[in-house]
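Here are my notes on the model you sent round. Please read them with the structure open.

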Amino acid sequence: MTHSPSAQKPPRTYCRVLTIAGSDSGGGAGIQADLKTFAALGCYGASAITALTAQNTVGVSGIHPVPPDFAAAQISAVLEDIGADAIKIGMLYSPELIRVVAEELRRFNARNIVLDPVMVAQSGDRLLRDDAVGAIKEHLMPLADVITPNLPEAEVLIGRSIRSIQEMRDAARDLGRFGSRSILVKGGHLEQEDSSDVFYICREDRYVTLAAERVASRNTHGTGCTLSSAIAACLAKGAGLEEAVRRAKDYISQAIRAGADYAIGRGRGPVHHFFKYWE
């Protein structure tokens, strides 16, 4: 028995997220962590690779930036066909790449943009040229719905040290002046019992402190990539900014806790992105 086209159900659609970031050959951070996070949270992930890294749990031994015009071609190829309900931006490496990414996002009127200003790997290796910091402020932060700096990254962006929750709040407000809708300053580097982040909604001039248990684990490689990707996935699925950040914070906390007992490599291993599905 055949069915007429009019009787067929319309096809289902995915919640689509594009990651624009570097590749981690070790699989724990970068686009690899982003795509795992999107999948774990029920989204379809696409990618535009900005740099290749020779990287493992111990460190980064090489970086090969993608030519800016080819990065633009990847973004265009995805957005003109598949589209994106949210976009996560990670490692960009150079001012030239930053400008090209910003141009493409404006051209396609991209929405739900999550900017993770990646500067240094967990191993301490630099992932952003010094001359690119100004380009992030000028070209990308005004486009972002959320930016997610950790304390060292926030310190570079505002030019001073951050040593307390109050200083995190002050930093978030100052970062908001560059045009982003909201700021999530991550407090994992603070020396305190819990792991508290400060979320600042710029238009409302409102702060939300997000506390979580600090998990003793060496497997924290890719936590920043994973958190920002989780925010993007939640935005793609229709959550508001604050709800997306809360859900993402819960996800990364569980992923860190679930990955703490595993051993992979000789250095800092990854979090467990698929803890919900593995026994």
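The points below take the helix packing, then single residues, then the backbone.

1. **Status of the model.** This is a predicted model. Please keep that in mind for each point that follows.

2. **H7 against H8.** Start with helix H7, residues 223-236, and helix H8, residues 241-259. Their axes lie 8 Å apart, and the packing angle is about 140°. Angles over 145 degrees would count as roughly antiparallel. H7 and H8 are therefore oblique to each other. Their crossing is right-handed.

3. **What fills the H7-H8 contact.** On the H7 side you will find Thr-223, Thr-226, Leu-227, Ala-230, Ile-231, Cys-234 and Leu-235. H8 answers with Leu-241, Ala-244, Val-245, Arg-247, Ala-248, Lys-249, Tyr-251, Ile-252 and Ile-256. Sorted by class, the contact holds 12 nonpolar, two polar and two charged residues.

4. **H1 against H7.** H7 also packs with H1: the two axes come within 9 Å and cross at roughly 40°. Roughly parallel would need an angle under 35 degrees. The crossing angle makes H1 oblique to H7. This crossing, too, is right-handed. From H1, the residues involved are Gly-30, Ala-33, Asp-34, Thr-37 and Phe-38. They meet Cys-225, Thr-226, Ser-229, Ala-230 and Ala-233 in H7. The class count here is five nonpolar, four polar and one charged.

5. **The buried side of H1.** Which residues of helix H1 (residues 30-40) are buried? They are Gly-30, Ile-31, Ala-33, Asp-34, Thr-37, Phe-38 and Ala-40. Asp-34 is thus among the buried residues, and Asp-34 is also part of the contact with H7. The partners of this buried set go beyond H7: they include H8 and the strands S1 (16-24), S2 and S4 (86-89). After H1 comes Gly-42, with a positive phi near 85°.

6. **Leu-235.** This residue sits in helix H7. Is Leu-235 buried or exposed? A relative accessible area of 5% makes Leu-235 buried, because the cut-off is under 20%. Beyond its sequence neighbours within four places, Leu-235 touches Ala-86, Asn-112, Val-114, Gly-240, Leu-241 and Ala-244. Two of those names, Leu-241 and Ala-244, also appear on the H8 side of the helix contact. Look at Cys-15 as well. Cys-15 is 220 residues away along the chain, yet its C-alpha atom is 9.4 Å from that of Leu-235.

7. **Glu-104.** Here is a glutamate to check by eye. Glu-104 lies in helix H3, residues 95-107. Its relative accessible area is 10%, so Glu-104 is buried. What does the side chain of Glu-104 make a polar contact with? The partner is the side chain of Arg-107, at 2.9 Å. Outside the four-place window in sequence, Glu-104 is in contact with Ala-72, Ile-75 and Ser-76.

8. **Thr-57 and Gly-267.** Thr-57 belongs to the loop between strand S2 (44-55) and strand S3 (60-65). Its side chain reaches the backbone nitrogen of Gly-267 at 2.9 Å. Sequence neighbours up to four places away aside, Thr-57 touches Ile-264, Gly-265, Arg-266, Gly-267, Arg-268 and Gly-269.

9. **Arg-218 and Gly-267.** Gly-267 comes up again here. Arg-218 is in the loop between strand S9 (206-210) and H7. The side chain of Arg-218 reaches the backbone oxygen of Gly-267 at 2.9 Å, whereas Thr-57 reaches the backbone nitrogen. Arg-218 and Gly-267 are 49 residues apart in sequence, with 7.8 Å between their C-alpha atoms. Not counting neighbours within four places, Arg-218 contacts Arg-266, Gly-267, Arg-268 and Gly-269. Its relative accessibility is 49%, so Arg-218 counts as partly exposed. Exposed would need over 50%.

10. **Positive phi outside glycine.** Most residues other than glycine have a negative phi. Tyr-93 has a positive phi, near 75°. Tyr-93 lies in the loop between S4 and H3. Asn-109 also has a positive phi, near 50°. Where is Asn-109 found? Asn-109 is in the loop between H3 and strand S5 (113-115). With a relative accessible area of 65%, Asn-109 is exposed.

Terms used. Residues numbered from 1 in each chain as written. Predicted model: local features only at pLDDT ≥ 70, side-chain atom pairs only at ≥ 80, totals over all residues. Heavy atoms only, no water. Helix = DSSP H or I, 4+ residues; strand = E, 2+ residues; numbered from the N terminus. Polar contact = N/O pair within 3.5 Å; in protein donor to acceptor, adjacent residues only side chain to side chain. Contact = heavy atoms within 4.5 Å. Axes fitted to C-alpha atoms, helices over the stretch in contact; angles between N-to-C directions. Parallel < 35°, antiparallel > 145°, perpendicular 65-115°, else oblique. Left-handed = near helix turned anticlockwise from the far one by under 90°. Nonpolar A, V, L, I, M, F, W, Y, C, P; charged D, E, K, R; others polar. Buried < 20%, exposed > 50% of the residue type's maximum accessible area, 1.4 Å probe, protein only.
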